[in-house]
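User: I would like to learn how to read a protein model, one feature at a time. Where should a beginner start?

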Amino acid sequence: GRDPEPYRPDLVHQCLLALFDSLLGKSGRLRVVIHTILDKCIEVHPETRIPRTFKRFAGLMLQLLGKAKRVTSPEGEIFFSLQKFSVVSNFPPGTPVVAVSNSWNYVNPFALSRRLTSQPVFHSEPLGANARAVVVVCCTEEANPRGLDYVTEDVGVAMYPTSAANLCARLMHGLEKAWEV
């Protein structure tokens with residue numbers, strides 16, 4: 001009986017494919033955390049190979065959000081794990097949080113990536129991760145970060161409204177150019 005609009009696992013799947021199909025994703029240099037509408041955090045491990053079909057992806061998410069704390073391969077490799085901390089506790093203190101959306105505040109993806117990669121490195125204790133910035137992509141039809149009070153800046157990396165997956169792909173391309181990957 002719930003409105004299916006806020007629950008768009010198909011868009012999450014498309015975004016994860018765009019992120020992990022990038023050169024940064026294939027090199028294991030991405031750190032992805034999914035923040036669900038029910039305030040759960042799912043860590044996607046850098047070596048994860050995202051299932052190509054939505055049916056398989058949905059099955060893994062149901063398994064994870066049902067009873068499992070993690071989803072592993074038959075060999076024991078961890079793909080997804082449910083974390084106990086909030087999404088904000090993942091952010092190293094002082095880290096800028098940039099929402100990439102269909103905002104009219106257009107920024108060239110390469111210029112944004114250069115700016116983000118020139119930030120100082122911040123350290124996060126929960127996972128022992130370092131970050132220069134946190135980038136948020138909302139997996140909704142509008143790709144709009146409304147209501148996320150931790151976002152410090154909202155920018156668009158496309159001149160026209162586009163899908164969340166395309167926003168991810170444009171951002172990855174900019175970061176790959178900035179980092180010369």
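Analyst: Start with one pair of side chains: Arg115 and Glu153 form a salt bridge, with their closest N and O atoms 3.0 Å apart. A salt bridge here is a side-chain nitrogen of Lys or Arg within 4 Å of a carboxyl oxygen of Asp or Glu. Side chains of opposite charge can pair when their charged atoms come close. Arg115 lies in helix 4 (residues 109-117) and Glu153 in strand 9 (residues 153-156), so the pair ties together parts that are 38 residues apart in sequence.

User: What kind of model is this, and how are its residues numbered?

Analyst: This is a predicted model, in which local features need pLDDT of at least 70 and side-chain atom pairs count only at pLDDT 80 or more, while totals for chains, interfaces and linings use all residues. Residues are numbered from 1 along each chain as its sequence is written, and side-chain values use heavy atoms, leaving out hydrogens and water.

User: How many salt bridges does the rule give?

Analyst: The count comes to four. In one of them, the side chains of Asp10 and Arg8 meet at 2.6 Å, N to O. Another joins Lys26 to Asp21, whose closest N and O atoms are 3.9 Å apart.

User: Is Lys26 buried or exposed?

Analyst: Buried means under 20% relative accessible area, exposed over 50%, and partly exposed in between, computed with a 1.4 Å probe and protein chains only. Lys26 counts as exposed at 61% relative accessibility, and its partner Asp21 counts as partly exposed at 35%. In the other pair, Arg8 is buried at 19% and Asp10 is partly exposed at 24%. Arg115 is partly exposed, with a relative accessible area of 33%, and Glu153 is partly exposed at 24%. Salt bridges that share partners also join Asp21, Lys26 and Arg52 into one network.

User: How many helices and strands are there?

Analyst: Helices (H or I, at least four residues) and strands (E, at least two) are DSSP runs, numbered from the N terminus. The protein has five helices and nine strands. Along the sequence they follow the pattern α-α-β-β-α-β-β-β-α-β-β-β-β-α.

User: How do I read the surroundings of a helix?

Analyst: Look at which residues are buried. In helix 1 (residues 9-20), nine of the twelve residues are buried, so the helix is largely enclosed by the rest of the structure. Among them are Leu11, Val12, His13 and Cys15.

User: Which residues of helix 4 are buried?

Analyst: They are Pro109, Leu112, Ser113, Leu116 and Thr117. Seen down the axis of helix 4, these fall within an arc of 125 degrees, so they line one face of the helix; the arc is that of the directions from the helix axis to the C-beta atoms. An α-helix has 3.6 residues a turn, so residues three or four places apart point the same way.

User: What covers the buried residues of helix 4?

Analyst: The cover includes strand 5 (97-106), strand 8 (134-137), strand 9 and helix 5 (164-178).

User: What can I say about the protein as a whole?

Analyst: Of its 181 residues, 44% count as buried. A contact means heavy atoms within 4.5 Å. Among contacts with a separation of 6 or more, 70% are between residues 24 or more positions apart.

Notes: The expected span of a helix is 1.5 Å times one less than its number of residues.
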